[in-house]
Amino acid sequence: MTSPVRLALLGCGTVGSDVVRLLHEQSADLAARIGAPLEIAGIAVRRVGRDRGDLPVDPALFTTDPLGLIKRDDVDVVVEMVGGIEPARTWLVEALRAGKSVVTANKALLAEDGASLHDAAAEGSADLYYEASVAGAIPLLRPLRESLHGDRINRVTGIVNGTTNFILSAMDATGAGFAEALEEATELGYAEADPTADVEGFDAAAKAAILASLAFHTRVTAADVHREGITEVTAADVASAKAMGCTIKLLCIAARGTDGQGGETVSVRVHPAMIPLGHPLASVGDAFNAVFVEAEAAGELMFYGRGAGGAPTASAVLGDVVAVARNRLAGVHAASESAYADLAVRPMGEALTRYHISLDVADRPGVLAAVAGVFARHDVSIATVRQGPAGGGPAGRGDDADLVIVTHVAPDAALAATVRELRGLDIVRSVASVLRVEGGA
Ligand code: NDP
Ligand code: HSE
């Protein structure tokens, strides 16, 4: 057998410690698959003295000097499992420029400044693999980057954040409110100590940018993604969705479109949306992830599995490690980023969506006509109107009534302007909720 492929591991937390464990447990199989053993050259962490339980690794391998480790001559592959923009960017650019292959799970960095990493990889003729950065264990980026390269992808719709899917699934199953469901997610260890990136949609937006870049051969960054989280979703919204035969999911949607001149565009957005119970993503519960891809020749494809957690994410990291180790032994590296299409990113206002709007209105003659007039002025067509609470009950409450309106497809800007005008009407006591509707409900 040839000499070992030597790994610099950066980070040994939730993901890194499971990578270390799997490297130990699977060492013989991994060596047989690669044609050379994998060896850990060092592990960079923040606190060398941290108690790491029974991790099967020599404590002498730990260091607090990631750059020193990366620069060592005996390091072939750098595996980054720390996260954040800096200093991770500096480390990875340094490694790639020096011709060392990089495997990373860092979605935040790839979405913020993937260009610097791809450019450095091209400069150093090195591999840059990042399967674990989106949807944890689910093989998704390799299929987009390789298997579907002969096809034309038109749309990617996904549930790519486990924490928010757990919360929304709990709200749907038990009628719990957002705060209660978040507390349960935290108790079960799904949500992070500071769950802002999850519940405000930043995590999903980063993943959406990575997916859109690969699917549409265009550099899309997190700043290009329209982002809304799930903190405003109420138990009443969930009940209303149920009454319509729908459920609410935090979706990431990346879609091809055209601008006014017929030029191709891409729109990328993350927001909660109602989807019909028959939609392939509706049954994705708990902390699972799933991504639905629509391609011209392949048709509809669905990828499903565990999108978070140490072992599932470590599985994706190790798959990449095997691929880059094999490439190294063969003296090749994978094709670099494909961003030739360079499609313009369409503003959210031009995205075509449908709205589900719950209003608290005065219950008197002419109110329905006045409300309908607002929609007509903004050229938004109404699909259905229901008066009364979700799930049935009296149509009015004294002088007030609940009104639920679902629209046909219209530009998001027209829908937003409609809601703005409704908020200003004195017959509208409040706009209780506004949710987008996706997938043919
Ligand atoms: P953790 O917080 O559990 O671990 C982070 C690790 O990085 C720790 O070992 C920490 O050291 C080390 N570290 C932090 N700062 C530095 C530094 N400045 N220098 C050296 N080491 C440092 O994170 P996760 O394992 O959860 O996540 C790692 C990456 O994987 C992130 O990019 C994340 O987005 C991504 N990811 C995570 C998933 C998950 O389910 N957890 C799923 C998919 C992707 P120490 O141990 O001493 O504290
Ligand atoms: N916090 C993320 C989630 C981890 O809940 O999906 C996986 O990227």
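**Ligand 1**

I started at ligand 1, where one oxygen atom is 2.6 Å from an N or O atom in the side chain of Arg 50. I then looked for backbone partners and found a polar backbone atom of Gly 309 at 2.7 Å from an oxygen atom of the ligand. A backbone N or O atom of Gly 13 lies 3.1 Å from an oxygen atom of ligand 1. The protein buries 80% of the 900 Å² that ligand 1 exposes when taken alone. Such areas come from the Shrake-Rupley method with a 1.4 Å probe, and for residues only the protein chains shown count as cover.

I also listed the surroundings: 22 residues lie around ligand 1, with Cys 12, Arg 47, Arg 50, Arg 52 and Gly 309 as the closest. A residue is near a molecule or strand here if one of its heavy atoms lies within 4 Å of it.

**Conventions**

I noted that this is a predicted model, in which local features need pLDDT of at least 70 and side-chain atom pairs count only at pLDDT 80 or more, while totals for chains, interfaces and linings use all residues. Residues are numbered from 1 along each chain as its sequence is written, chains are lettered from A and ligands numbered from 1 in the order in which they are written, and side-chain values use heavy atoms, with hydrogens and water left out.

**Ligand 2**

Which residues come nearest to ligand 2? Of the 10 around this ligand, they are Lys 107, Gly 162, Thr 163, Asp 198 and Lys 207. I checked oxygen atoms of ligand 2 against polar side-chain atoms and found Lys 107 at 2.5 Å and Thr 163 at 2.7 Å. The side chain of Lys 207 has an N or O atom 2.7 Å from an oxygen atom of ligand 2. On its own ligand 2 has 260 Å² of accessible area, of which the protein covers 88%.

I placed the shell on the fold: α7 (162–174) and α10 (202–216) each give at least two residues to the shell around ligand 2. Helices (H or I, at least four residues) and strands (E, at least two) are DSSP runs, numbered from the N terminus.

**Rings**

How many aromatic pairs does a search of the whole structure find? The search gives 1 aromatic pair. The ring centres of Phe 288 and Tyr 304 are 5.2 Å apart and the planes stand at 5°, so the pair is stacked. Phe 288 belongs to strand β11 (residues 288–295) and Tyr 304 to strand β12 (residues 299–306), so the pair ties together parts 16 residues apart in sequence. For the terms, rings of Phe, Tyr and Trp (its six-membered ring) pair if their centres lie within 6.5 Å; planes under 30 degrees apart are stacked, over 60 edge-to-face, and the rest tilted.

I looked up exposure for both: Phe 288 is buried at 17% relative accessible area, whereas Tyr 304 is partly exposed at 48%. Buried means under 20%, exposed over 50%, partly exposed in between (1.4 Å probe, protein chains only).

I then searched for charges over rings. The charged end of Arg 145 sits over the ring of Tyr 129, 4.7 Å from its centre. The charged end of Arg 227 sits over the ring of Phe 202, 3.8 Å from its centre. The criterion is NZ of Lys or CZ of Arg within 6 Å of the ring centre and within 35 degrees of the ring normal.

**Backbone**

Most residues other than glycine have a negative phi, and most peptide bonds are trans. I found a cis peptide bond from Glu 86 to Pro 87, with omega near 5°. Pro 87 is in the loop between β4 (77–80) and α4 (88–97).

Ser 125, not a glycine, has a positive phi of about 45°. I located Ser 125 in the loop between α5 and β6 (128–129), and it is partly exposed at 45%. His 217 has a positive phi near 50° and lies in the loop between α10 and β8 (226–227). Is His 217 buried or exposed? His 217 is buried, with a relative accessible area of 10%.

**Asn 106 and Leu 117**

I found Asn 106 in the loop between β5 (101–104) and α5 (107–123), buried at 3%. Its side chain makes a polar contact with the side chain of Glu 80, at 3.3 Å. A polar contact is a pair of N or O atoms within 3.5 Å; within protein, one must be able to donate a hydrogen and the other to accept it, and residues adjacent in sequence count only if both atoms are side-chain atoms.

Leu 117 is in helix α5 and is buried at 0%. Leu 117 and Arg 97 are 20 residues apart in sequence, with 9.2 Å between their C-alpha atoms.
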